[in-house]
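Q: Hey, got a minute to walk me through this one? I'd like to go through the sheets, the odd backbone spots and the ligand.

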Amino acid sequence: MPTRLLVSTLFCAGAFSPALRADPTNPIPVLQIKADQVTAKVSPTLYGLMTEEINYSYEGGLYGELVRNRAFKASKVSPRFWDTVGGAAIDLDTNTPLNDALNVSLKLDASQATAAAPAGIANGGYWGIPVRPKTTYHASFYAKAAAGFSGPITVAIVGTNGGKTFARAQVTGLTGDWQKYEVTLTTKNVKPSKDNRLVITTTSPGTLWLQQVSLFPPTYVDRANGNRPDIMQLLADMQPKFLRLPGGNYLEGNTIATRFNWKTTIGDVAHRPGHMDDAWGYWSTDGFGLMEYLHWCEDLHMEPVLAVYAGYALHHDYIKPGPDLEPYVQDDLDEIEYLIGDTTSTWGAQRAKDGHPAPFPLHYIEVGNEDWFDRSGSYEGRFAQIYDAIKSKYPQLQVIATAKVKNRTPDVLDEHYYRSQEEMEAHAHDYDAYSRDAKTKIFVGEWATRVGSPTPNMAGALGDAAWMTGMERNSDIVLISSYAPMFVNVSDLKAGGSMQWKSDLIGYDALTSYGSPSYYAQQMFSTHHGDTVLAVAEENIPHYTWQPPAKRRNGVEQPRPQPQEVPALFYDATRDGLTGKITVKVVNRQSTPQPVRITLSGVTTVARKGTLVVMQADKPDDTNSIDQPGRIVPKTKTVKGLGTDFTSTFPPYSISILELSAK
Ligand code: AHR
């Protein structure tokens with residue numbers, strides 16, 4: 001129900017004027033900020049990230065590896081994602097393994113190779129291999145030759161259509177033993193493109209076996225086995241404080257055997273067996289393993305929020321609490337030791353061997369994921385057993401439960417909310433009523449306004465922003481929060497393609513990436529807030545009427561719930577203890593501009609000039625995309641006309657952050 005406007009001259013974004021006189025027939029909203037009344041501390045770790053292998057988040061996403069199915073284990077039947085070149089024949093060979101982990105290899109029969117018709121293999125990467133100008137790529141592979149063959153082998157990045165070779169290098173001296181070969185490939189001043197392949201060929205007839213065929217572009221902070229710089233930069237710009245890892249459903253797997261078994265994801269990548277990510281339907285080489293998560297945390301100055309396996313699989317299989325669960329509990333303790341144990345401990349020593357002698361910072365351990373799905377009731381026992389084991393060895397750690405339990409008091413409970421815009425807005429004040437005496441605090445470990453696909457649109461961002469005002473206002477209770485899912489590869493959006501879950505924060509293809517409006521909303525909130533929450537009294541907040549959809553229970557549609565009056569304007573105010581700066585956030589979900597009178601008490605002065613960061617759209621379904629990454633982005637400007645009593649008009653479909661310099 002958009003409100004009628006009082007003053008029509010205030011329609012432009014961020015128009016400020018001295019206070020308007022109240023019109024008793026249609027009063028404008030008033031926000032009275034009481035700067036001398038602190039209601040809560042803003043949790044310094046409120047804004048973080050949540051991630052898992054979904055939507056090609058790591059492989060085909062953040063993880064720098066460009067070769068798809070580099071270890072030939074994605075299918076047991078054929079070398080998926082590999083093509084032949086020239087007169088070559090290829091097959092999987094389980095009789096010539098590289099080692100116990102990579103226990104299959106690609107047999108390449110290049111007996112037809114000639115100088116005029118080289119034979120070999122090609123890999124098109126994850127929907128393309130990105131070529132950038134003047135860029136050095138690092139290619140490597142293990143190879144073993146049949147008698148009579150020693151190379152040379154040519155490794156090249158070649159355009160898919162038209163076959164332009166962008167960079168090439170040669171490897172010689174293959175022998176009958178497995179050996180690792182490494183070359184660099186440097187492009188010239190070429191146009192960026194993604195329709196390219198890695199091509200490995202020979203002109204000498206013969207047979208060889210290959211394993212762990214890898215191609216890496218430059219990575220963020222030049223980490224070996226590292227991450228894509230453009231995506232890392234998007235994340236760095238959010239200034240996240242933690243990373244919830246490694247899932248999500250990915251932690252659990254559909255079966256106990258396909259859980260995220262951290263011990264098989266560390267050490268030399270050529271000794272990681274990989275596993276089927278059956279929760280999301282594709283193979284993971286585990287090249288992006290536990291240490292890579294931790295490096296990621298370190299590179300972005302985030303703390304891991306470590307979710308440990310709690311003995312439940314998505315297909316409702318579980319390990320009985322008691323002796324059966326004990327080995328898994330030990331695995332969890334070992335995992336914690338890997339992160340924080342000193343180097344005299346077994347797993348601390350392993351961490352040092354893996355290149356990181358210093359322990360990682362760690363405060364939170366999460367036990368499982370969404371264990372409310374476990375209808376057996378076993379979580380009570382599983383949680384208690386794991387909780388006790390963690391607390392007795394690491395009393396300093398905060399333990400997070402993923403479902404309500406009675407026998408222990410978790411330090412934190414992880415709540416997940418995937419909602420429509422209206423539902424998000426209807427619940428934006430939920431935490432205002434949460435008991436301040438409750439011992440268990442809240443982690444909103446997965447949440448999103450699911451509007452827009454593959455990435456959310458402005459309606460999604462508005463729902464998110466409304467919800468974030470509620471979390472921030474109550475961040476004495478909501479200590480940590482993370483949107484999910486974070487990533488989607490947008491290259492192939494049909495069923496079975498690159499997306500398993502709609503409405504993801506950041507989209508990308510092989511070459512470029514972009515933030516959704518929801519991404520920018522997060523970034524705005526995360527990078528602009530004080531350290532205390534100020535009391536705000538509201539008057540005349542506009543509302544709209546929402547008809548919640550009827551729910552279905554056991555396939556039967558339930559009666560329609562009563563319509564609800566939902567706020568159309570959301571806000572919160574925080575203050576920085578050091579500078580005195582007051583940050584006011586206002587979300588206007590209406591189709592019309594909304595003047596709001598803002599008054600401040602408990603301060604001596606508020607400077608006339610301040611800063612406004614605003615993101616707005618013409619329509620709720622306006623969005624960003626891989627082709628139009630910057631349609632909806634926040635803009636920052638200096639505004640005048642502020643003080644202890646002023647009126648600001650917030651544009652339609654807008655998220656605004658006003659920074660006031662106050663004494
Ligand atoms: O974020 C997608 C999935 O939603 C997560 O894997 C799971 O925890 C939740 O159900």
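A: Sure. Keep in mind that this is a predicted model. Let's start with an open sheet of 3 strands, which has mixed pairing and runs in the order S25-S26-S27.

Q: Which strands stand at the edges there?

A: Strand S25 (487-489) and strand S27 (513-515). Each has a single partner strand, so one side of each is left without a neighbour in the sheet.

Q: And what does the twist average?

A: From one strand to the next, the twist averages 20 degrees.

Q: In which sense do S25 and S26 pair?

A: Parallel, over 3 bridges, with strand S26 covering residues 506-508. For a spot to click on, try Asn 489, which stands opposite Tyr 508 in S26.

Q: OK, and which helix packs on the sheet?

A: Helix H2, residues 229-236. H2 touches S25, S26 and S27, and its direction makes about 15 degrees with that of S27.

Q: Now the sheet with 5 strands. What's the order?

A: S4-S7-S12-S9-S10, again an open sheet, and here the pairing is antiparallel.

Q: Why is one side of S4 and of S10 left without a neighbour?

A: Because strand S4 (82-85) and strand S10 (165-171) stand at the edges of that sheet, each with a single partner strand. The twist in this sheet averages 20 degrees from one strand to the next.

Q: How many bridges between S7 and S12?

A: 5, in the antiparallel sense. Strand S7 is residues 119-123 and strand S12 is residues 196-202. One pair to look at is Ile 121 with its bridge partner in S12, Ile 200.

Q: Switching topic: what sort of peptide bond joins Leu 245 and Pro 246?

A: A cis one, with omega about 0 degrees. Pro 246 is in the loop between strand S14 (242-245) and helix H3 (249-252).

Q: What about the bond from Ala 484 to Pro 485, cis or trans?

A: Cis, with omega near -20 degrees. Pro 485 sits in the loop between strand S24 (478-483) and S25, and Pro 485 is also among the residues around the ligand.

Q: Where's Asn 55, and what is its phi?

A: Asn 55 is in the loop between strand S3 (47-50) and helix H1 (58-62). Its phi is near 60 degrees, a positive value in a residue other than glycine.

Q: Back to the ligand, then. Which residues are around it?

A: Glu 52, Gly 248, Asn 249, Trp 280, Asn 369, Glu 370, Tyr 418, Glu 446, Pro 485 and Trp 501.

Q: How does that shell divide into nonpolar, polar and charged?

A: 4 nonpolar, 3 polar and 3 charged.

Q: How far is a ligand oxygen from the side chain of Glu 52?

A: 2.5 Å, from an oxygen atom of the ligand to an N or O atom in the Glu 52 side chain. For Glu 370, a side-chain N or O atom is 2.7 Å from a ligand oxygen. Asn 369 has a polar side-chain atom 3.0 Å from an oxygen atom of the ligand.

Q: And how much of the ligand's area does the protein bury?

A: 94% of the 280 Å² that the ligand exposes when taken alone.

Terms used: Residues are numbered from 1 along each chain as its sequence is written. This is a predicted model: local features need pLDDT of at least 70, side-chain atom pairs count only at pLDDT 80 or more; totals for chains, interfaces and linings use all residues. Side-chain values use heavy atoms; hydrogens and water are left out. A residue is near a molecule or strand if one of its heavy atoms lies within 4 Å of it. A polar contact is a pair of N or O atoms within 3.5 Å; within protein, one must be able to donate a hydrogen and the other to accept it, and residues adjacent in sequence count only if both atoms are side-chain atoms. Accessible areas come from the Shrake-Rupley method with a 1.4 Å probe; for residues, only the protein chains shown count as cover. Ala, Val, Leu, Ile, Met, Phe, Trp, Tyr, Cys and Pro count as nonpolar, Asp, Glu, Lys and Arg as charged, and the others, Gly among them, as polar. Two strands pair if DSSP finds at least two bridges between them. Helices (H or I, at least four residues) and strands (E, at least two) are DSSP runs, numbered from the N terminus. Axes are lines fitted to C-alpha atoms, for helices over the stretch in contact, and angles run from 0 to 180 degrees between N-to-C directions. Contact means heavy atoms within 4.5 Å.
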